[in-house]
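Hi,

Here is the structure I promised to pass on. Have a look at it first, and then read on for what turned up.

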There are 2 protein chains.
Amino acid sequence: MAEKVTITDVARYANVSRQTVSNVLNSPELVREETRDRVREAVQALGYRVNQAARQMRTGRSRLIATRIEPDRDGINGSVFDRFLHSLTASAAQAGYRVLLYTADDERSEFATFDDLIGAYEPDAFVLTNTFHGDGRPSWLGARGVPFVTFGRPWDGTGGVDDTAHSWVDVDGAAGTAEATRYLLDTGHRRIGFLGWPPGSGVGDDRRSGWSRTLAAAGVDPAGLDCATDDGVADGEAAARELLEAGHPATALVCASDSLALGALNTARLLKAGERADDPDVPPLAVIGFDDTPAAKAVGLSSVSQPLAAAAAGCISLLTRLFESSPPGPLEPAAPPAHFLLQPSLVVRGSA
Amino acid sequence: MAEKVTITDVARYANVSRQTVSNVLNSPELVREETRDRVREAVQALGYRVNQAARQMRTGRSRLIATRIEPDRDGINGSVFDRFLHSLTASAAQAGYRVLLYTADDERSEFATFDDLIGAYEPDAFVLTNTFHGDGRPSWLGARGVPFVTFGRPWDGTGGVDDTAHSWVDVDGAAGTAEATRYLLDTGHRRIGFLGWPPGSGVGDDRRSGWSRTLAAAGVDPAGLDCATDDGVADGEAAARELLEAGHPATALVCASDSLALGALNTARLLKAGERADDPDVPPLAVIGFDDTPAAKAVGLSSVSQPLAAAAAGCISLLTRLFESSPPGPLEPAAPPAHFLLQPSLVVRGSA
DNA sequence: TTGAAAGCGCTAACAC
DNA sequence: GTGTTAGCGCTTTCAA
């Protein structure tokens, strides 16, 4: 256990008072340059580090950012969160913060954890991911004046976004599927289907809209090309089968997730090997997924990639802005909510 | 911002002294039952939570466990760590601890982060993952008397394990590949290859050994069946090609990772569709991966699954044992290192 | 510009 | 069994 070095040790070593050391650390402009340098040397020499617990008691700020770690559902898309988390940890560290993890199975238990965390560790802010329409967390935290940022827009349930609600960072999903659709159009496809989730989820509707508007712009009739199902490889397989066994089947598919895309790929392979085997009229199905997960990379699936590092950096940037505007104290008007809408990019691989 | 409730508020509410409240919290047996109940009611009524920062200043314990979040390399196997992390967070919470994250690109920066973390946040312990032969972290932490557990055995470089080094939890990789090999043997395969990593990595050698010993027990000559390459889908593809284009090719493959297995699957598919097309003599290649990643699930790859939740729980259990034996104070002999070697299980899917 | 005093919330000793 | 005292390391007045 490294012997604890306190501010007193530094003061003694540098021949100044404890307060002067504190000033050098927190308001260096108040200290004469010569003294400042001497103190900094002492800090270096002794390997001094500010003790967070003590500082927190005085300032009320923990330099901790709490976020929930997601259990990776079907797992394919889980990796998106994990990559985000890595970047968040790195960005936070750069800004002088650490990331504290928690888990929660449902809203009730998450609120209980909020209470626990806020009471015990006093995180300076929360980063909320996987937000959804009707998510109670923003208002819970908002009501208590706890700063937070969401990775995901505050969907209002009609496909719109309430920009004034709170600070957020998100990736423009519609732009991603639009780019994917445009790419397929450029490659010569006309009958481009969309494999997505049931309407009502902000994210899913957003991604669908990019496809439909691009198709509309190209004058393609989307009838029979839109298919909604739950997320999962098996769901994707089944749904793709519908789209491909129709009278006038799709020749390409834009998918709302890599899970669905992987399922579509499986189905296409089966059809190719089965009833349609050796039918030269049937070209290979072009498929584009969403999220550019490791699985996509592994099987050569083209996919829309989210700029996760930028999203994480955006969250931290928004948070620090929040901290600056509203000192630790009581709830104040604080800075007006701000947000970043980032552009994804299409990664083309063998599948399209 | 929820108004802060302190121990003083509770004391006033319950008509006792602050110390009595503290006693109810920390040494309930010292307090008369009636008083205890009254205090507990007050705690409930006021929604009181112990302030960690204040407690930490007195006790020197932060109830924080630090661990490094891994950037997910090729990504396929990255998900293993993430699932472990989720379970670790849950297990830690149950034991009254929170998980603090950090990142590090190399050993030097990790040591610097150790210093930072220890000086500033004073985590009670570290959980080290992805340990390797020659890993300097255990001795660094050990020298400073900082408690830690590794998820991964302390390989000594000769394939052996130094049991006395420190507490660890690990999964018996050899048992996993042995089970996979046995399964393939039972399915009628004889020429079962192993697609692994270059010798020298404890984990890789361990997994290889399970295969080779099982093959030996079955009286199969492993000549030309062992292939080593770096981890990655592309590497797996290339290596599998060697194994499959040999004079007397393997009919089944046990792989050290799902990445390699996925690559092998790709190669098998190509060969099947290409030069070997329509050759009835060539049965489909049986492949078994390692780690049971989401990608394996998605493509129907059989794989050896690690009990990650149990591993995480084991880490926490070992850590709490450490805490109990060695009070916050200076470095003491503490409890002797303990460890858990967990058994993986084979998940059979379409690929084998 | 630097120094002295106070106190954040808690718990380990010790007195009552 | 319960209350009193002291102090963990720091920063924020305020005075020198």
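Before the first result, a word on classes: Ala, Val, Leu, Ile, Met, Phe, Trp, Tyr, Cys and Pro count as nonpolar, Asp, Glu, Lys and Arg as charged, and the others, Gly among them, as polar. Keep in mind, too, that this is a predicted model.

Let's start with the DNA. Strand C has 26 residues around it, and the closest are Ser17(A), Thr35(A), Met57(A), Ile7(B) and Ala54(B). Helices H2 (18–26) and H4 (52–59) of chain A, along with helices H2 (18–26) and H4 (52–59) of chain B, are the elements that each give two or more residues to this surface. By class, the surface near DNA strand C splits into 11 polar, 9 nonpolar and 6 charged residues.

Now for the two protein chains. Turning chain A by 180°, with 0.0 Å of shift along the axis, lays it on chain B with an RMSD of 0.1 Å. That is how a two-fold axis relates two copies. Both copies also use the same surface, as 100% of the contact residues of chain A recur in chain B.

The contact itself takes 50 residues from each of chain A and chain B. On the chain A side, H4, H5 (78–94), strand E2 (98–102), H6 (107–120) and H12 (294–299) each supply at least two residues. H5(A) has the largest share, with 9 residues. That side of chain A divides into 28 nonpolar, 12 polar and 10 charged residues.

One last thing to look at: E2(A) and E2(B) run antiparallel and are joined by 3 bridges. There, Leu100(A) stands opposite Leu100(B).

Cheers

Key: Residues numbered from 1 in each chain as written. Chains lettered and ligands numbered in written order. Predicted model: local features only at pLDDT ≥ 70, side-chain atom pairs only at ≥ 80, totals over all residues. Near = placed C-beta within 6 Å. Helix = DSSP H or I, 4+ residues; strand = E, 2+ residues; numbered from the N terminus. Least-squares fit on C-alpha atoms with pLDDT ≥ 70 in both. Contact = placed C-beta atoms within 7 Å. Pairing = 2+ DSSP bridges.
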